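Q: I am new to this structure and would like a close look at a single part: the packed interior. Could you walk me through it slowly, explaining each term as you go?

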Amino acid sequence: MSDTNDASAADRVRAVIAEHDALKVLLLLLGIWLLFTVLAWNQNPGQRLNAIAGTLRFVTFLGIVYALLALALNLHWGYTGMFNIGVAGFMAVGVYVYTIVVRTPDPAIAGEPAGLGLPIVVGIVAGMLAAALVGLVAALPALRLRADYFAIVTLGLSEIIRLTLQSSAFDGWLQENLGVGTGSGAGVSVSPGPDDPIRELFYVGGSRADGTTPLGDAVFAVTDPIGIQQTVMINWAYVVVLAAVAVGFYWFLSRLGRSPFGRLLKAIREDELAANALGKNVNVAKIKVFMIGCALMGLGGILWQGSQSAVSPTPQFLPVITFYIFVAMMIGGAGSNTGSVLGGLLFAGVLFEGPRAVGRLISGQFDVAQNPRNFADAVSPLLSGDFAPLLVYMTEVRIAALQFVLLGVVLVILMQRRPEGLLGHRIEEAAAVDLSERPNRVDPYTAAADGGENDE
């Protein structure tokens, strides 16, 4: 009898989790936090709480930004079936336009590229509009192509954007004609961003030397005695802001998916020819959704790379970034916004940062005089029974290669066992309202057979 009760209780718990998407996200996030707490426990025993707080902050930040970009890509691929593999390029456009608009050059640094010095909100809007306009330029000619050729066009455009931003000639043209610049030099473009506005919540004027604000006093009074650095808490505040933006992302895309325009996008995904035959302007709809998605990708790039002190097209905007975002979306399931969030968190926590954390944990258990520089240095000590150099080489020196192997294994298993992802291909109603709640109506054929309605 108890086994039956336990089984029914477990079924009820699973049913509750299945019905509440927010609960799925929360439970996954708690699981990732628990995993990285264990992995970071002995990372720095002298400052354990600070190390754990910093690790959880970084993993949460990375998971949220991947979730944001997976949501934007899901609008293209999951909703509309548009194979866009140029996400990194649209991110780069948003970031560089944002930094040019908001940056104010420091007169103490000679040769620093100029900016417009406008407010951050203006820079964000400008970055999103620029990414949307670039998406328009790409969509107008490319939408005549089939899906595979369209993907090639977006990939080529992304590389054109990256190499252009990396060009010192392009930077010179901007400075000469517009009075602004990206900071290109020697083939590498570095664009320092503005001061972090989050610091102003904790420090007067954003400067620690000017004292702390009431919020800073309250937060630091709790975290300073337990050894958590103030910079870690400031970074956590940015993660909270980022999470609020992610909620707004999710709400906007969910509303869009349930709107008549969203149902048109799903119709285009399922059968573009049928949607066109029903009188819908398929090309205009695809151009609109492509521009919206590109603007969101530009915003995602701003929130991710725009918070850094310096941005470079290489390696921040290499095509592999687009590949990572696609993997995150496919893990969660194309067509599901909740799946995109889950996929972003899983990719960042388990597939991307997880192997690095495990590698640091394993390599920290061995005392090696010098890290092996190549495979020969790693395997030669095996002759004397010393496995430590090989383990250090695999988990610390070659961890990036092992990550690609892990990604490949996960993708193969995913495509074989669950090609729709965790939450993909959900059954969606075509109607905007729940038809099951409509009042019962008299069947006209039954009424006619019975002689019509009662006139009494």
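A: What follows begins with the whole chain, moves to the interior and its helix pairs, and ends with a few single residues.

Happily! This is a predicted model, in which local features need pLDDT of at least 70 and side-chain atom pairs count only at pLDDT 80 or more, while totals for chains, interfaces and linings use all residues. Residues are numbered from 1 along each chain as its sequence is written, and side-chain values use heavy atoms, with hydrogens and water left out.

The protein chain holds 19 helices and two strands. Helices (H or I, at least four residues) and strands (E, at least two) are DSSP runs, numbered from the N terminus. Of the chain's 456 residues, 41% count as buried. Buried means under 20% relative accessible area, exposed means over 50%, and partly exposed lies in between (1.4 Å probe, protein chains only). Contact here means heavy atoms within 4.5 Å. Among contacts between residues at least 6 apart in sequence, 70% join residues at least 24 apart.

Now for the interior itself. A nonpolar core is a set of buried Ala, Val, Leu, Ile, Met, Phe, Trp, Tyr and Cys residues joined through side-chain atoms within 4.5 Å. The largest such core has 91 residues, and Trp304 and Phe347 have the most contacts inside it. Helix α3 (residues 48-80) gives this core its largest share, 18 residues. If you click on Phe347, look for its contacts with Tyr66, Tyr324, Val327, Ala328, Phe352 and Leu407, leaving out residues up to four places away in sequence. Another core lies apart from the largest one; it has five residues, including Leu264, Ile268, Ala275 and Ala285. As a general point, nonpolar side chains tend to be buried together in soluble globular proteins.

Helix α3 also meets helix α14 (residues 319-332): their axes come within 9 Å and cross at roughly 80 degrees. Axes are lines fitted to C-alpha atoms, for helices over the stretch in contact, and angles run from 0 to 180 degrees between N-to-C directions. The two helices α3 and α14 are therefore roughly perpendicular to each other. For angles, under 35 degrees counts as roughly parallel, over 145 as roughly antiparallel, 65 to 115 as roughly perpendicular and the rest as oblique. On the α3 side, Tyr66, Leu69, Ala70, Leu73, Asn74 and Trp77 make the contact; on the α14 side, Tyr324, Ile325, Phe326, Ala328, Met329 and Met330 do. By class, this contact has 11 nonpolar, one polar and no charged residues. Ala, Val, Leu, Ile, Met, Phe, Trp, Tyr, Cys and Pro count as nonpolar, Asp, Glu, Lys and Arg as charged, and the others, Gly among them, as polar.

A second pair to find is helix α9 (residues 230-258) with helix α12 (residues 282-305), whose axes come within 12 Å and cross at roughly 170 degrees. That angle makes α9 roughly antiparallel to α12. From α9 come Tyr238, Leu242, Val245, Phe249, Phe252 and Leu253, and from α12 come Ile292, Leu296, Leu299 and Leu303. The residues of this contact are 10 nonpolar, no polar and no charged. Helix α12 is mostly covered, with 19 of its 24 residues buried. From its first C-alpha to its last, α12 reaches 34 Å, close to the 34 Å expected at 1.5 Å a residue. The expected span is 1.5 Å times one less than the number of residues.

Helix α4 (residues 87-102) has 16 residues that should span 22 Å at 1.5 Å a residue, which agrees with the 23 Å between its end C-alpha atoms. In α4, 15 of the 16 residues are buried, so this helix is largely enclosed by the rest of the structure.

Finally, some single residues. Gly262, in helix α10 (residues 260-270), is buried, with a relative accessible area of 0%. Leaving aside neighbours within four places in sequence, Gly262 is in contact with Leu256 and Gly257. Val320 belongs to helix α14 and, at 27% relative accessibility, counts as partly exposed. Val320 and Ala88 are 232 residues apart in sequence, yet 8.4 Å apart in space, C-alpha to C-alpha. One last stop is the cis peptide bond joining Thr314 and Pro315, with omega about 15 degrees; Pro315 sits in helix α13 (residues 313-316).
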